[in-house]
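Let's work through some exercises together. Have a look at the sequence and the model below, then try each task before you read its solution.

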Amino acid sequence: MIEGLDALEREGLASLATAGDAEALERWRIEFVGGSGRVKQALGALKDVPKPDKPGYGKRANEVKQSLDAAFEERRAHLAATGRRAAGPLVDTTLPGIVPGVGRSHIITRVRNELCAVFARMGFEVAQGPELEDDEHNFVKLNIPDSHPAREPTDNFYVEERGDASRPRMLRSQTSTVQIRVLEQAISEGWGPPVKVVSPGRVYRPDTVDATHSFMFHQIEGLYVAPRVTMVELKTTLFRFARVYFGPDAEVRLRPSFFPFTEPSAEFDMKIRLRPDQPARWVELGGCGMVDPAVFRGVGLDPEQWTGFAFGFGIERIAMGKYAIPDIRMLYENDLRFLTQL
Ligand code: DAH
């Protein structure tokens, strides 16, 4: 009777090897290892085996069952992996392929990187500062006193009430904060001044959104501090930047102005054509000036020893000027029909 078990195993394995698809496999399963299949019958026949042969027969019958069960699982996995379920290939290799979409940086990111690269060639390093600031860095140390109208709660995104011991925190309204942070860091870490940095980043103001305003936008701040810095260097730096970035015909001008943290101060304008059907007109790109002595004193530097210039430009304005974008909102809507043109 044991020979019958050996034969069953041989036949089962041989037949399994020819099961080439899911249906054949299922037919095999029912015949051999199913609930009333041949293995089951062989196990059931144990009761008719003469008593002395029972242990040997039982052992061998179990081996055959395990051997065929395992072979079945292996065959099933193999067929699943090789995917031979239906006739013919599943993939039509004659169809044109799907071209994967290739992403790119947003135009603001690209302009920001380009600006940093132009200033890097003029010796400026890139610095970063936090967007969540305290009013000490956003105002006090920039020589903007408590009484100044720019500090009104309606003109800023304060996130805290003023505490007794602490200055209230806010979303920074200008990247000029980084002037103070860089000077403080340079002094405490002992590597400067001199410092020569640009710092791009987001700023926040509760402005009503229109074609030229947004509650969040980007600025790039510049700061150069060294002995005997002159306004000529400021003007040279800015005019050179404009001609490198916008081309040799860029029309730029400085216009006298006022900022609490620079003296003298100026506004930096450029002639820009935002629409092809309109004449170019003067657009203010940002402010600049010579670092006010009060700023130096505020960080513990001697204004007799240190001088410097600073500037802060709107990155959106620069991008709009460079790419003739008529409405700032186009920069934030993330409409791919717009973005992929740039
Ligand atoms: N922080 C000013 C603003 O947001 C711009 C500015 C003016 C920055 C003069 C400067 C500067 O560094 O010197 O309006």
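On a 1 Å grid over the protein atoms alone, a pocket is an open set of points where a 1.4 Å probe fits, with protein on both sides within 12 Å along at least five of seven lines; lining residues have an atom within 4 Å of a point. The model is predicted: local features need pLDDT of at least 70 and side-chain atom pairs 80 or more, while totals for chains, interfaces and linings use all residues. Residues are numbered from 1 along each chain, and side-chain values use heavy atoms, without hydrogens and water.

**Exercise 1.** Find which residues lie nearest the centre of the largest pocket.

*Solution.* Step one: the lining has 39 residues. Step two: Ser-173, Arg-205, Phe-217, Gln-219 and Phe-259 lie nearest the centre.

**Exercise 2.** Name the edge strands of the open sheet.

*Solution.* First, recall that strands are DSSP runs (E, at least two residues) and helices are runs of H or I (at least four), numbered from the N terminus. Two strands pair if DSSP finds at least two bridges between them. Next, write out the order of the seven strands, E1-E5-E6-E10-E9-E8-E7, with mixed pairing. Finally, E1 (125-126) and E7 (252-259) each pair on one side only, which makes them the edges.

**Exercise 3.** Describe how E7 and E8 pair.

*Solution.* Start with the sense: E7 and E8 (residues 262-272) are antiparallel, over seven bridges. Then pick out one position: Pro-256 stands opposite Ala-266 in E8.
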